[in-house]
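Biologist: I am new to this structure, and I would like a close look at a single part of it, the surroundings of one DNA strand. Please take me through that part with care, and then place it beside the rest.

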There are 2 protein chains.
Amino acid sequence: MSQTVDRALSILPLLAQGPADLGQVAERLGVHKSTALRLLRTLHEHGLVYRQQDQRYRLGARLFALAQEAVENLDVREIAHSHLIELNEQCGHTVHLAVYEENEVLYIDKVESRYPVRMYSRIGKPVAITVAAVAKLLLADLTEPERRVIAERLDYPMYTSRSTPNAGAFLRELAVVREQGWATDLGGHEESINCVGAPIRGADGRVVAAMSVSAPNVVVTAEELLTLLPLVRRTADAISREYSGTTPVKKA
Amino acid sequence: MSQTVDRALSILPLLAQGPADLGQVAERLGVHKSTALRLLRTLHEHGLVYRQQDQRYRLGARLFALAQEAVENLDVREIAHSHLIELNEQCGHTVHLAVYEENEVLYIDKVESRYPVRMYSRIGKPVAITVAAVAKLLLADLTEPERRVIAERLDYPMYTSRSTPNAGAFLRELAVVREQGWATDLGGHEESINCVGAPIRGADGRVVAAMSVSAPNVVVTAEELLTLLPLVRRTADAISREYSGTTPVKKA
DNA sequence: AAGAGTCGTTGCATCATGTGCAACAGTCAT
DNA sequence: ATGACTGTTGCACATGATGCAACGACTCTT
């Protein structure tokens, strides 16, 4: 680990909260102003930081460009996209695609209503990891000790009365999901929204992504939504097959 | 400029092109493997870089999170305001700033007469979307199917005899605006009021906001108002540059 | 108008810090 | 087994990052 780089990178989340001037950055980094200045200059040259006229710094445009390029290089997304559109056309509901990375679950694609829309704006927003169907699918694939460690570390906000209340309940839910190979979120995040999801597996059988279909209660009941499960699973399996290139490794 | 940070940051655009292993990164940076390893580790700790199962590195999730947070703090209005005031001082007319959101066009700033005044009372009120110059600019940037859908759904109230009469005329007008890069409203909303406007674009070239200058017939004729077009466009472009963070840095 | 207080910037001496090297460990193919 | 390839670690060296203090530009007070 490099101290200099470490300090420089610490500036980014700091600026993400809002613009700051040199003194503030130096203070929050715990370094001398001149040091902060040099770090900021280097960040600036790379376009990660931008200086507005009042001389305060804020995050730069290159960051968006990088994030965009990065998401376009996610080949799961590329492969999955047409399948997601197809599924959306068949059922009419919102379809999500998500991956797990570094203790976070994030949406990487979304197809809504009749028009395919890339929700780049949604990317980066933390998923409600304790309740979302896609989160359960992704976490359920981890090893038992990994799951326990993560479950212990999470917060369990009660979005609704049906939200996952604590680590124990979450681990039991993950065990169920792992066993049955699909997951739901029945009003756990928003009272009137239900989701049903299925995992996408790589050639080695590991879950590389998860997808879900969401619909409000007022359109279809939870029971009706569950009738879409076979369709969702078929779509997920199709993506898995295409992603792994050759013969899929499937669990019973 | 800091050499260490400079090297570390150079890794990001490198990885944006696709995953790379340690050796490739070291080679393209022109440093020893062990050096590249330490840099990558630091980037990894900050979540900017992610290590996939085959040990190759690619851009990480935190990048999305940062970009997301940043865009929320990217207040177009804050950046634009001083430019709007300047423009108002130069031409003396009313200046508007508007954005498109959720099928509506909203004014988010206004500078009137000699005194810069934030017309918050106006904010949130829907603009006359079928005739306003800013509305045309914002809608013209949408994709062709999106434009068609919206045009079909709108009502076309005849505020004056020169209001846009129907969807067909509106779509043709949008095509013109899209092509020429600016827009007018000549008595389409109120008989005696003319407007000329220009788009503000983000780093990716998409229109993020639109601005316009309005003046009543009794003060300046439509032809006279049009002579302000270059000034309006220059202002809009200046805001675009600052917003996208690509303002040319003065070289020492 | 002059002074006092910001804030950003620069040159410099010091030494902490990043660097390359070489040796080690793990994996895969032959 | 053997060799070739990767990623990783410990170490000695000097490069390069650091804090300091002084400077200039600026705003606000008096």
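Modeller: Around DNA strand D there are 19 residues, and those that come nearest are Thr35(A), Gln3(B), Thr4(B), Leu37(B) and Arg41(B). Of the atoms of DNA strand D that come within 4 Å of the protein, 71% belong to sugar and phosphate. Please keep in mind throughout that this is a predicted model, and that the distances below are computed from its atoms.

Several individual contacts involve the phosphates of this strand. In chain A, an N or O atom in the side chain of Thr35(A) is 2.5 Å from a phosphate oxygen of DNA strand D. In chain B, Thr4(B) uses its backbone, with a polar atom there placed 2.8 Å from a phosphate oxygen of DNA strand D, whereas Arg51(B) uses its side chain, where an N or O atom is 3.0 Å from a phosphate oxygen of that strand. The elements that give two or more residues to the surface near DNA strand D are α1 and α3 of chain A, together with α1, α2 (22-29) and α3 of chain B. Among these, α3(B) provides the largest share, four residues. Sorted by class, the surface near DNA strand D has ten polar, six charged and three nonpolar residues.

The surroundings of DNA strand C can be read in a similar order. Here 19 residues surround the strand, the closest being Gln3(A), Thr4(A), Arg41(A), Arg7(B) and Thr35(B), and sugar and phosphate make up 72% of the atoms of DNA strand C that come within 4 Å of the protein. Thr35(B) has a polar side-chain atom 2.2 Å from a phosphate oxygen of DNA strand C, and Arg7(B) has an N or O atom of its side chain 2.8 Å from a phosphate oxygen of the strand. From chain A, a polar backbone atom of Gly23(A) lies 3.4 Å from a phosphate oxygen of DNA strand C. At least two residues of the surface near DNA strand C come from each of α1 (3-16), α2 (22-29) and α3 (33-45) of chain A and from each of α1 (3-16) and α3 (33-45) of chain B, with α3(A) giving the largest share, four residues. By class, that surface holds three nonpolar, ten polar and six charged residues.

Both protein chains therefore appear on the surface near each strand, as the elements listed for DNA strand C and for DNA strand D show, and the two chains also meet one another. In that meeting, 52 residues of chain B are in contact with 48 residues of chain A, and the area buried between them is about 4,200 Å², of which carbon and sulfur atoms give 64%. Leu9(B), Phe64(B) and Leu66(B) supply 14% of the area that chain B buries against chain A, more than any other three residues.

Turning to another part of chain B, strand β6 (residues 193-201) is joined to β7(B) by nine bridges, and the two run antiparallel. Within this pair, Val196(B) stands opposite Val213(B) in β7(B). Five residues lie between the strands of this hairpin, in which Gly205(B) takes a positive phi near 90 degrees. Strand β7 (residues 207-216) of chain B is largely enclosed by the rest of the structure, because eight of its ten residues are buried.

Terms used. Residues are numbered from 1 along each chain as its sequence is written. Chains are lettered from A and ligands numbered from 1 in the order in which they are written. This is a predicted model: local features need pLDDT of at least 70, side-chain atom pairs count only at pLDDT 80 or more; totals for chains, interfaces and linings use all residues. Side-chain values use heavy atoms; hydrogens and water are left out. A residue is near a molecule or strand if one of its heavy atoms lies within 4 Å of it. A polar contact is a pair of N or O atoms within 3.5 Å; within protein, one must be able to donate a hydrogen and the other to accept it, and residues adjacent in sequence count only if both atoms are side-chain atoms. Ala, Val, Leu, Ile, Met, Phe, Trp, Tyr, Cys and Pro count as nonpolar, Asp, Glu, Lys and Arg as charged, and the others, Gly among them, as polar. Buried means under 20% relative accessible area, exposed over 50%, partly exposed in between (1.4 Å probe, protein chains only). Two strands pair if DSSP finds at least two bridges between them. Contact means heavy atoms within 4.5 Å. Buried area is the accessible area (1.4 Å probe) that two parts lose on being put together, summed over both.
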